[in-house]
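Here are a few worked exercises to try with the model open beside you. Have a go at each task before reading its solution.

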Amino acid sequence: MKNREEVVEKLRASAREMLSNKTVDVVIGWGCVTPEQTVATPVFVKSPDDVELLDWNEKCYGNLAAYMTRKEVRALGRVALMVKGCDEKALVVLRRESQIDPSNPPRVIGIACDEDGLGCAKCGTCDVHVPRFADIVISGVTPVPENVPVPAEKRYERLSEFMKQPRENRLAFWMKEFDRCIRCYACRQVCPLCYCERCIAERNKPQAIDSSATPRGNWSWGITRAFHLAGRCIGCGECTRVCPAEIDLSLLNLSLANAAERSFEGFRPGMDPDREGAVGAYSRGDSEEFIR
Ligand code: SF4
Ligand code: SF4
Ligand code: SF4
């Protein structure tokens with residue numbers, strides 16, 4: 001626990017300094033308003049007197065990069081944003097997609113995870129425990145773990161197991177999963193890369209997706225959103241965490257990630273800031289195996 005206490009101390013000191021010397025107008029971070037809460041709440045700190053609201057612990061799941069595209073947040077002025085290494089990948093994609101104003105980029109406060117991260121499933125195959133591009137990286141007393149690449153076999157182990165099943169079983173699995181969808185759109189709201197001003201699910205002239213929670217509508221929604229995130233999803237796992245129907249979206253996201261990595265010369269969204277996204281870029285090396 002000592003380690004995390006030290007992180008919190010440094011974090012609050014950095015935030016206090018940035019707000020006091022007016023480097024930023026707001027610090028967006030995680031906070032635990034009550035000790036009982038199981039998930040940290042996003043907090044927006046505008047005064048150096050309120051930095052005690054900021055926290056860092058095993059409850060800090062949310063990917064706060066999702067706020068970077070919200071117009072209400074843009075209106076707040078200069079922003080400092082807390083990110084974990086996994087969240088930071090979303091900023092890389094947002095930059096490539098011109099969603100971050102280069103004249104007013106966020107000041108990024110990176111938090112280095114402990115060796116075992118927050119202890120959730122995705123942390124076991126994470127290879128960015130330490131933010132790579134943040135303006136400041138805060139760590140505690142324990143040595144910062146290295147960003148050791150995780151072999152693809154391990155990252156896609158769950159998917160490989162699933163793919164061993166016959167096609168009809170896999171289809172039946174997904175039909176059953178999406179049948180439970182209640183169309184709350186929490187998956188979209190929490191996703192840093194679902195930033196469309198008007199989502200296709202809201203369009204009604206013509207209506208692209210049946211808006212009621214029917215098997216057909218749910219299937220269209222699930223598959224359409226998956227296509228929109230293909231080659232872009234950074235695997236932060238937030239959509240899975242917030243889904244009230246406990247739909248295994250992480251398995252679907254793994255499938256998207258695997259397709260991008262296989263088809264586009266090892267492309268992994270958010271890993272390389274100098275590399276063009278898979279969507280919208282063309283390379284003669286593309287395998288095009290999916291074009292029949
Ligand atoms: S689709 Fe899910 S896992 Fe992928 S970036 Fe969005 S919230 Fe994160
Ligand atoms: S599901 Fe598609 S259209 Fe809707 S917000 Fe996400 S990317 Fe945009
Ligand atoms: S969060 Fe789950 S239940 Fe809600 S729309 Fe997304 S998939 Fe459906």
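**Exercise 1. Is β3 enclosed or open, and how do its residues point?**

Step 1: start with burial. Five of the five residues of β3 are buried, so this strand is largely enclosed by the rest of the structure. Buried here means 20 or more other C-beta atoms within 10 Å of the residue's own, exposed means 12 or fewer, and partly exposed is in between, with C-beta atoms placed from the backbone. Strands (E, at least two residues) and helices (H or I, at least four) are DSSP runs, numbered from the N terminus.

Step 2: sort the side chains. V79, L81 and V83 point one way, A80 and M82 the other, and all are buried. That fits the usual pattern: in a regular strand the side chains alternate between the two faces of the sheet.

Before going on, a word on the source: this is a predicted model, where local features need pLDDT of at least 70, side-chain atom pairs count only at pLDDT 80 or more, and totals for chains, interfaces and linings use all residues. Residues are numbered from 1 along each chain as its sequence is written, while chains are lettered from A and ligands numbered from 1 in the order in which they are written.

**Exercise 2. Which strands does β3 pair with?**

Step 1: look for bridges; strands pair if DSSP finds at least two between them. Three bridges join β1 to β3, and the two run parallel. Four bridges join β3 to β4, again parallel.

Step 2: pick out partners. I28 sits opposite L81 in β3, and A80 sits opposite R107 in β4.

**Exercise 3. Which residues does L81 touch, and what core is L81 part of?**

Step 1: leave out residues up to four places away in sequence, and L81 touches I28, L64, A65, M68, P106, V108 and I109. Contact means C-beta atoms, placed from the backbone, within 7 Å.

Step 2: zoom out. The largest nonpolar core has 68 residues, and A15, V27, A65 and L81 touch the most other members. Such a core is a set of buried Ala, Val, Leu, Ile, Met, Phe, Trp, Tyr and Cys residues joined through C-beta atoms within 7 Å. Among the elements that each supply at least two residues are α1 (2-20), β3 (79-83) and α10 (249-263).

Step 3: check the domains. Domain 1 (2-138) and domain 2 (152-263) each give this core at least three residues; the bounds come from an automatic or database domain assignment.

**Exercise 4. Which residues surround ligand 2 and ligand 3?**

Step 1: list the neighbours, meaning residues whose C-beta atom, placed from the backbone, lies within 6 Å. Around ligand 2 you'll find R188, C194, C196, C199, I200, A201, R225 and H228. Ligand 3's neighbours include C181, C184, C187 and C243.

Step 2: class them. Ala, Val, Leu, Ile, Met, Phe, Trp, Tyr, Cys and Pro count as nonpolar, Asp, Glu, Lys and Arg as charged, and the others, Gly among them, as polar. Ligand 2 gets five nonpolar, one polar and two charged residues; ligand 3 gets ten nonpolar, no polar and one charged.

**Exercise 5. Where is the cis peptide bond, and what is the phi of S98?**

Step 1: the cis bond joins K205 and P206, with omega about 0°. P206 lies in the loop between α7 (186-190) and α8.

Step 2: S98 has a positive phi of about 55° though it isn't a glycine. S98 is in the loop between α3 and β4, and is exposed, with 8 other C-beta atoms within 10 Å.

Step 3: put that in context. Most residues other than glycine have a negative phi, and most peptide bonds are trans.

Key. Contact = placed C-beta atoms within 7 Å.
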